[in-house]
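Biologist: Could you take me through this model step by step, with each term explained as we come to it?

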Amino acid sequence: MAFAEQSTGTSEDHLLYLEIQHFYGRQMRFLDSGAVEDWAGTFTEDGVFAANAHPEPQRGRAAIEAAARKAAEQLAAEGVQRRHWLGMLQVDPGPDGTVLARTYALITSTPLGGPAEIRLSCTCDDVLVREDGRLLVRHRQVYRDDLPKS
Amino acid sequence: MAFAEQSTGTSEDHLLYLEIQHFYGRQMRFLDSGAVEDWAGTFTEDGVFAANAHPEPQRGRAAIEAAARKAAEQLAAEGVQRRHWLGMLQVDPGPDGTVLARTYALITSTPLGGPAEIRLSCTCDDVLVREDGRLLVRHRQVYRDDLPKS
Amino acid sequence: MAFAEQSTGTSEDHLLYLEIQHFYGRQMRFLDSGAVEDWAGTFTEDGVFAANAHPEPQRGRAAIEAAARKAAEQLAAEGVQRRHWLGMLQVDPGPDGTVLARTYALITSTPLGGPAEIRLSCTCDDVLVREDGRLLVRHRQVYRDDLPKS
């Protein structure tokens, strides 16, 4: 098909875009289902999770797992199902072999027996690396739209 | 590009992921536009639509079409546009040649002249098969987040 | 993988689908971040932006940029972050070498210090063309779900 053949991006670029979508599908399901060890395993061993809602970033898999476990236990106790949607992905390979993956993030919240609600709108800027063939997050920066950026 | 070449998944896996995204784009547009015969045609002849909100699954294309027609007629009478968003897709090929496709589902509802609202947050687990080259849903299990799983 | 090899669509079709997703990721980020010149540059020089909420379409890049600038300045003054999510993409190549790309559009709005909200649910029908290898919008038709179609 002539239309596609003229594309400026390469097939490899496009397949990377796709692979990152799939990565996020799995990663967010880990978080929202309380599989906190699997969730932490999607970051590098020294991965960082920073957010303008947090005074300090979570540094390293152990800290990322601990924070997720605390949140998961609280949500379970409250009977609330939270879901993280990432979308509007933009992918830019960096000069150092890493990849900058940027998404919009919408977080929904549904209490058992109650109405689904939008909880937060954010952006999520990830620096992704590949280790042993697998994508991992080395650095994540989340900005909540309702809070100042810094 | 070295980064992509190191991917663990094959190009075929990635293209299947993409094809399923496109399948859902078409399928949900059928449902939300009231094209209920086309909607039913995206299931196998003996396809099953189960949901934790329904006492009994819909079994077979005729039942799936009838239920969609009833819902479409009611929404048209009320002047409500409902939209089904599927996202955060995860694809896992099964041992028997079928494919397990899991998504988050967000259902929005907009009355003519009124505000758009989130109606429901769900998950959707599909068993997909291929017949004559086309993807079809053999079994769909929807879980509303506000209801007990079983 | 046999499952994928039997696909009716070609790899080129699938890659175009992917390229359009990426195009929208970049395009909507331009709009939502107030990069209005870049936003206008994603339309052809004579591009048209029509909507059932507008009495007249915006015709040409200059008009599209001017309208976006006005909206961006107002949102900045109000301290509101708006986000445009496109999803449920359906792609149909036309007989004349153009491509019809249809999406659902969800627009969220978050005031500084306030709750995120769904602002609008719409559909977006684009006629895309390729110029110098880049995708551009030649014609966009947006329909808000809360307004009559015509």
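Modeller: When copies of a chain are compared, they are superposed by least squares on the C-alpha atoms of residues with pLDDT of at least 70 in both. This is a predicted model, in which local features need pLDDT of at least 70 and side-chain atom pairs count only at pLDDT 80 or more, while totals for chains, interfaces and linings use all residues. Residues are numbered from 1 along each chain as its sequence is written, chains are lettered from A and ligands numbered from 1 in the order in which they are written, and side-chain values use heavy atoms, with hydrogens and water left out.

Biologist: By what turn can chain A be laid on chain C?

Modeller: The superposition of chain A on chain C has an RMSD of 0.0 Å, and the shift along the axis is 0.0 Å. The turn that brings chain A onto chain C is 120°.

Biologist: What relation do chain B and chain A have, if chain B can be laid on chain A by a turn?

Modeller: Chain B goes onto chain A with an RMSD of 0.0 Å, by a turn of 120° and a shift of 0.0 Å along the axis. That combination is the relation of a three-fold axis.

Biologist: How many residues of chain A and of chain C are in contact?

Modeller: Contact here means heavy atoms within 4.5 Å. By that rule, the residues in contact number 34 in chain A and 37 in chain C.

Biologist: Why do the copies meet through different surfaces?

Modeller: One can ask which interface residues of chain A are also interface residues in chain C. The copies meet through different surfaces because that share is only 18%.

Biologist: What area do chain A and chain C bury between them?

Modeller: The size of an interface is often given as the accessible area lost when the parts come together. Here buried area is the accessible area (1.4 Å probe) that two parts lose on being put together, summed over both. Carbon and sulfur atoms account for 64% of what chain A and chain C bury, and the area is about 2,900 Å².

Biologist: Which side chain does C:R83 meet in a salt bridge?

Modeller: A salt bridge is a side-chain nitrogen of Lys or Arg within 4 Å of a carboxyl oxygen of Asp or Glu. Between chain A and chain C there are 2 salt bridges. In the salt bridge of C:R83, the N to O distance is 2.7 Å, and the partner is A:D145.

Biologist: How many residue pairs are in polar contact across the interface of chain A and chain C?

Modeller: A polar contact is a pair of N or O atoms within 3.5 Å; within protein, one must be able to donate a hydrogen and the other to accept it, and residues adjacent in sequence count only if both atoms are side-chain atoms. Across the interface of chain A and chain C, with both residues at pLDDT 80 or more, the number of such pairs is 11.

Biologist: Which element gives the most to the side of chain A that touches chain C?

Modeller: Helices (H or I, at least four residues) and strands (E, at least two) are DSSP runs, numbered from the N terminus. On this side of chain A, the elements that each supply at least two residues are α1 (2–5), α2 (11–32), β3 (80–93), β4 (99–111) and β5 (117–131). With 8 residues, the element that gives the most is β3(A).

Biologist: How many residues of the side of chain A that touches chain C are nonpolar?

Modeller: Ala, Val, Leu, Ile, Met, Phe, Trp, Tyr, Cys and Pro count as nonpolar, Asp, Glu, Lys and Arg as charged, and the others, Gly among them, as polar. That side of chain A has 11 polar and 4 charged residues, and its nonpolar residues number 19.

Biologist: Which strands are the edge strands of the sheet in chain B?

Modeller: Two strands pair if DSSP finds at least two bridges between them. Chain B has an open sheet of 6 strands with mixed pairing, in the order β2-β1-β6-β5-β4-β3. Those that pair on one side only, and are therefore the edge strands under the pairing rule, are β2 (58–59) and β3 (80–93) of chain B.

Biologist: What is the bridge partner of B:V129?

Modeller: Strands β5 (residues 117–131) and β6 (residues 134–144) of chain B are joined by 10 bridges in the antiparallel sense. In β6(B), the partner of B:V129 is B:L136.

Biologist: Which residue stands opposite C:A50?

Modeller: In chain C, strand β1 (residues 43–51) and strand β6 (residues 134–144) run parallel and are joined by 5 bridges. Opposite C:A50, in β6(C), stands C:Q141.

Biologist: Which residue takes a positive phi in the hairpin of β5(C) and β6(C)?

Modeller: Strand β5 (residues 117–131) of chain C pairs with β6(C) in the antiparallel sense over 10 bridges, and the hairpin has 2 residues between the strands. The residue with a positive phi, near 50°, is C:D132.
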